[in-house]
Amino acid sequence: MTQYSKRMVIVHWLTLALLIAAWFLGDAVNEARHEGNATLMGYAVHAVVGGTILLLTILRLYFRSKDGVPPPVGQSLMDKVAKGIHHALYALLILLPVSGIMQVATSKVCDALRAWDATLLPAKFEGVPAHGVHEILVTALIVLGVVHVLGAIKHQFIMKDGLMERMSLRRKD
Ligand code: HEM
Ligand code: HEM
């Protein structure tokens, strides 16, 4: 096995697309709240996209356990760091949506969504620890995501070892 299975590849790139959408939607909701015009639909759509990422990640870990992964590219320190970053990314793909769900569940957003009444939406998230946790985890995901992409670029353009093919739908055999 020299490549990730097709379904692992599809979920990897689908997760990237959904992450970009969730990031923009989350920022838009945050901005709208500060301007006093947040909408229920804004929160709902962000929650659905973020929740889909959680479900996809659980599915992905199941696929991973069934399909396996290609052997490590090497045994250097950088290869071990890259593997550690993969594990941390998986942890974030679970913890970030969970903190989002906690944020809704422990704030007035939950009441507003249940009553479908935008006047109940909170102006501030005071006394909601999950709000700060969600923001910190977003930053952590961006930092690790950037390091991960820089690693992929290094393999592609400096080391030229064809690592990207492992995460490609084009099959070698
Ligand atoms: C991987 C998935 C997710 C990503 C990448 C993400 C990203 C974001 C971002 C970038 C923000 C804005 C933070 C800021 O500008 O300070 C945000 C806010 C928020 N997110 Fe998420 N989120 C995800 C999942 C979820 C889920 C599943 C829920 C709820 C079920 C959720 C609920 C919220 C809420 C309530 C806010 C606060 C918006 C506000 O400030 O009014 N998020 N998220
Ligand atoms: C343009 C953006 C991206 C590129 C070019 C890229 C590329 C790759 C490549 C080539 C691999 C295979 C590495 C190997 O075989 O050692 C990989 C694996 C992985 N990527 Fe990405 N990636 C990107 C974005 C992301 C994002 C945003 C996330 C998640 C937040 C992510 C999470 C992962 C994980 C968890 C693995 C490990 C898969 C496993 O072993 O189960 N990637 N990526």
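Which residues coordinate the iron atom of ligand 1? In this predicted model, the answer is a pair of histidines: His46 and His134 each offer their NE2 atom to the iron, at 2.0 to 2.1 Å. Let us start from that site, then visit a second iron, and finally look at how the helices that carry these histidines pass one another.

First, the geometry at ligand 1. The iron atom there has 6 donor atoms, and because the angles among them run from 88 to 179°, the arrangement is octahedral. His46 sits in helix H2 (residues 40–67) while His134 sits in helix H5, so the two histidines tie together parts of the chain that are 88 residues apart in sequence. The two partners also differ in how they are classed for accessibility. His46 has a relative accessible area of 21% and is therefore partly exposed, as buried would require a value under 20%. His134, at 16% relative accessibility, counts as buried.

Now for the other iron. Ligand 2 has its iron atom held by the NE2 atoms of His12 and His148, which are the protein donors and lie 2.0 to 2.1 Å away. This site is octahedral, with 6 donor atoms and angles of 88 to 179° among them. His12 belongs to helix H1 (residues 6–34) and His148 to helix H5 (residues 129–159), so this pair links parts that lie 136 residues apart in sequence. His12 is buried, with a relative accessible area of 16%, whereas His148 is partly exposed at 27%.

It helps to step back and see the whole protein. Its secondary structure consists of 5 helices and 0 strands, so if you read from the N terminus you meet the order α-α-α-α-α. The C-alpha atoms fill a box of roughly 55 × 25 × 20 Å along the principal axes. Of the 173 residues, 31% count as buried. Among contacts with a separation of 6 or more, 81% are between residues 24 or more positions apart.

How do the helices pass one another? Two packed helices are described by the angle between their axes and the distance between the axes. Take H1 and H5, the helices that carry the histidines of ligand 2. Their axes come within 13 Å and cross at roughly 140°, and H1 and H5 are therefore oblique to each other. The crossing of H1 past H5 is left-handed. On the H1 side, His12, Leu19, Trp23, Asn30 and Arg33 take part in the contact; on the H5 side, they meet His131, Glu135, Leu141, Ile142 and His148. Notice that both iron-binding histidines of ligand 2, His12 and His148, appear in that list.

Next, compare this with H3 (residues 77–105) and H5, whose axes come within 9 Å and cross at roughly 155°. H3 and H5 are therefore roughly antiparallel to each other, and their crossing is left-handed. From H3, the residues in contact include Ile85, Leu89, Leu92, Leu96 and Met102, and from H5 they include Val133, Leu137, Leu141, Leu144 and Val147. His134 and His148 are also among the H5 residues that meet H3.

A few individual residues round out the picture. His12, already met as a donor to the iron of ligand 2, is in contact with Arg60, His148 and Met167, leaving aside neighbours within four places in sequence. The C-alpha atoms of His12 and Leu95 are separated by 17 Å, and the two residues are 83 places apart along the chain. Thr15 also lies in helix H1, and with a relative accessible area of 3% Thr15 is buried. Not counting residues up to four places away in sequence, Thr15 touches Ile53, Leu56, Arg60 and Leu93. Arg60 is thus a contact of Thr15 and also of His12.

Finally, helix H5 holds one more histidine worth a look, His155. At 13% relative accessibility, His155 counts as buried. Setting aside residues up to four places away in sequence, the contacts of His155 are Lys160, Asp161 and Leu163.

Note on methods:
Residues are numbered from 1 along each chain as its sequence is written. Chains are lettered from A and ligands numbered from 1 in the order in which they are written. This is a predicted model: local features need pLDDT of at least 70, side-chain atom pairs count only at pLDDT 80 or more; totals for chains, interfaces and linings use all residues. Side-chain values use heavy atoms; hydrogens and water are left out. Donors are N, O and S atoms within 2.8 Å of the metal (3.2 Å for Na, K and Ca); water is not among the atoms, so sites may look incomplete. Four donors count as tetrahedral if all angles lie between 85 and 135 degrees; four count as square planar and six as octahedral if opposite donors are over 155 degrees apart and all others between 65 and 115; anything else is irregular. Helices (H or I, at least four residues) and strands (E, at least two) are DSSP runs, numbered from the N terminus. Buried means under 20% relative accessible area, exposed over 50%, partly exposed in between (1.4 Å probe, protein chains only). Axes are lines fitted to C-alpha atoms, for helices over the stretch in contact, and angles run from 0 to 180 degrees between N-to-C directions. Angles under 35 degrees count as roughly parallel, over 145 as roughly antiparallel, 65 to 115 as roughly perpendicular and the rest as oblique. A crossing is left-handed if the near helix is turned anticlockwise from the far one by less than a right angle, and right-handed if clockwise. Contact means heavy atoms within 4.5 Å.
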